[in-house]
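Welcome! Please take a look at the sequence and the structure below, and then we will walk through them together.

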Amino acid sequence: MNLQRLADKLRITPERLQSLQETVIRESSWPEPRLLRFDKTASGIEAGTAIFDNGDIIFGYPKIRRALMLRPALKKHFSDWVTVEEKMNGHNVRVTSVDGDVIAITRGGFICPYSTEVARRLISEEVFLDNPKLVLCGEMVGPENPYVPKDIYPTESMDFYLFDLAQKNCRETLGPRRTHQLAEEYGIRATRLFGEFPVDSAYPAIVEIIKDLGKRGREGVVIKDSENLVSPIKYTCSESNCRDLEAAFQYYSDYALDFFVSRAVREGFQSVEWQEDEEEQQKRAQRIGQSILLPLAETVKKKMDGEPITQQVQIRVKSLQTAREFEYHLRRSGIRTIFDQPEPDDDGYLVRITKLVMSTNDKTQALIDGEMW
Ligand code: ATP
Ligand code: MG
């Protein structure tokens, strides 16, 4: 596509586009179809925006801001009715059809071969035949999600939950009403809808929902403007924050500092907003402490026993080609892995994957050997 036309579609000047091409826009020629992707957010264009050779632009999914003190955040952010949905814990994909092929695009703007195979299995092509400009925004979740494995959902493999819709070449998403309507119409599984609440009375209802989700190991909620007039916000369960901490402290040197700090800070705000008494605070403190200390101690012991620190995940694929492509996809994303021989099962293959966590391995070994922090 020529520079002027693409710049018009992105609503920026051709000069600006040219300078972005030198800085944040990268080419990805594999797997097909070829695309240009935004590596970072720039000029109001979200990271992960993908531009295909045929001119289709799939804008990146917008960031969702987080409430720490929920009651005032609701009041400040929304004005009328809010729709409360479950926040699914997996990875974000945008599923669409380009030149007649259904593909799943990751947050970073890559086509993921594994997510694509799962999307093709779960979503009937009919939805794209009827709506060729449609982009389904959803979360891939389950124990066989190799990025975020979670066994808290009713699936043994990896499932797709729709949470929003977009149109090609449009930045805006269509919001909860149209999403749930379309999900119903085409039999696509959507995120759980807890209901619509007037903003003034939503707080106690959401706290109840969060407490219940927390007990069930689920992540939290996304709160949306029922009329889709302002952007959604997110709010999560303490148990889920702690499980994140637990996973991250196991691989403490491979996570950014902010991952730990932001989760610890959330706990402080929630404890105060929920007016916890001493006993409840002690319980929370114990939960946080355990999720820090136990995985750390485990990692140190493991390394002292001469074992490598790794993460085991698995995928289930219909074709060996998908497994091979996924291996390549992880490698190009900078993730180092060892793929086991695929094990044939009912209707495809199970592939066990060992993810190497290099920094934690090296750092822990060095510290055990007496190096300084
Ligand atoms: P962000 O997307 O806010 O930049 P992040 O990438 O760290 O942050 P999360 O903290 O998981 O992601 O929160 C936002 C993400 O939650 C969305 O990008 C989406 O993938 C996921 N999500 C899960 N359930 C929903 C839902 N019901 N509505 C909207 N997003 C949801
Ligand atoms: Mg998430």
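## A sheet of five strands

Let us start with one pair of residues: glutamate 86 stands opposite valine 221, which belongs to strand S12. Keep in mind that everything here describes a predicted model. Glutamate 85 has a partner in S12 as well, namely valine 222. Both pairs belong to the match between strand S6 (residues 81–87) and strand S12 (residues 220–225), which run antiparallel and are joined by 6 bridges. On to strand S13: S12 pairs with S13 over 4 bridges, again in the antiparallel sense. Here valine 222 turns up once more, with lysine 234 in S13 as its bridge partner.

Now step back to the whole sheet. Its 5 strands follow the order S5-S13-S12-S6-S11, the sheet is open, and the pairing is mixed. At the edges you will find strand S5 (65–66) and strand S11 (193–198), each of which pairs on one side only. Helix H6 packs on this sheet and touches S6, S11 and S12, with its direction at about 55° to that of S6. Helix H7 (residues 202–215) packs on the sheet too, touching S6, S11, S12 and strand S13 (233–236). The direction of H7 makes about 150° with that of S12. How many of the residues of S12 are buried? The count is 6 of 6, so S12 is largely enclosed by the rest of the structure.

## A sheet of four strands

There is also an open sheet of 4 strands, in the order S8-S7-S9-S10, with antiparallel pairing. Its edge strands are S8 (101–106) and S10 (159–167), and each of these pairs on one side only. On average, and with direction ignored, neighbouring strands of this sheet are turned by 30° against each other.

Look next at strand S7 (residues 91–98) and strand S9 (residues 134–141): they run antiparallel and share 6 bridges. Within this pairing, arginine 94 has cysteine 137 of S9 as its bridge partner. You have met helix H6 on the sheet of five strands; H6 (residues 176–186) packs on this sheet as well, touching S9 and S10. The direction of H6 makes about 125° with that of S10.

## Two nonpolar cores

Which residues have the most contacts inside the largest nonpolar core? They are Val95 and Leu136, in a core of 32 residues. Leaving aside neighbours within four places in sequence, valine 95 is in contact with a list of residues that includes Val102, Ile103, Ala104, Phe128 and Phe160. Leu136 is on that list too, along with Leu134 and Val135.

Another core lies apart from this one and has 21 residues, among them Val82, Val84, Val199 and Ile233.

## A buried lysine

Try finding lysine 150, in the loop between S9 and S10. Lysine 150 is buried yet has no salt bridge. Which side chain of opposite charge is nearest to lysine 150? It is that of aspartate 244, at 4.3 Å; a salt bridge needs the nitrogen and oxygen to be within 4 Å. Not counting residues up to four places away in sequence, lysine 150 touches Asn89, Gly142, Pro143 and Asp244.

## Salt bridges

How many salt bridges does the structure hold? There are 18. One of the pairs is glutamate 144 with arginine 316, whose closest N and O atoms are 2.6 Å apart. This pair links distant parts of the chain, with glutamate 144 in the loop between S9 and S10 and arginine 316 in strand S14 (residues 310–317), 172 residues apart. Glutamate 144 has a relative accessible area of 1%, so it counts as buried, whereas arginine 316, at 31%, is partly exposed.

Glutamate 27 and arginine 34 also meet in a salt bridge, at 2.9 Å from N to O. Here glutamate 27 is exposed because its relative accessibility is 53%, while arginine 34 is partly exposed at 35%. Glutamate 343 and arginine 352 form a salt bridge as well, with their closest N and O atoms 2.9 Å apart. Glutamate 343 is partly exposed, at 31%, and arginine 352 is partly exposed, at 35%. Finally, Arg26, Arg37 and Asp39 are linked in a network of salt bridges.

Terms used. Residues numbered from 1 in each chain as written. Chains lettered and ligands numbered in written order. Predicted model: local features only at pLDDT ≥ 70, side-chain atom pairs only at ≥ 80, totals over all residues. Heavy atoms only, no water. Pairing = 2+ DSSP bridges. Helix = DSSP H or I, 4+ residues; strand = E, 2+ residues; numbered from the N terminus. Axes fitted to C-alpha atoms, helices over the stretch in contact; angles between N-to-C directions. Contact = heavy atoms within 4.5 Å. Buried < 20%, exposed > 50% of the residue type's maximum accessible area, 1.4 Å probe, protein only. Lys, Arg positive; Asp, Glu negative; His and termini not counted. Core = buried A, V, L, I, M, F, W, Y, C linked by side-chain atoms within 4.5 Å.
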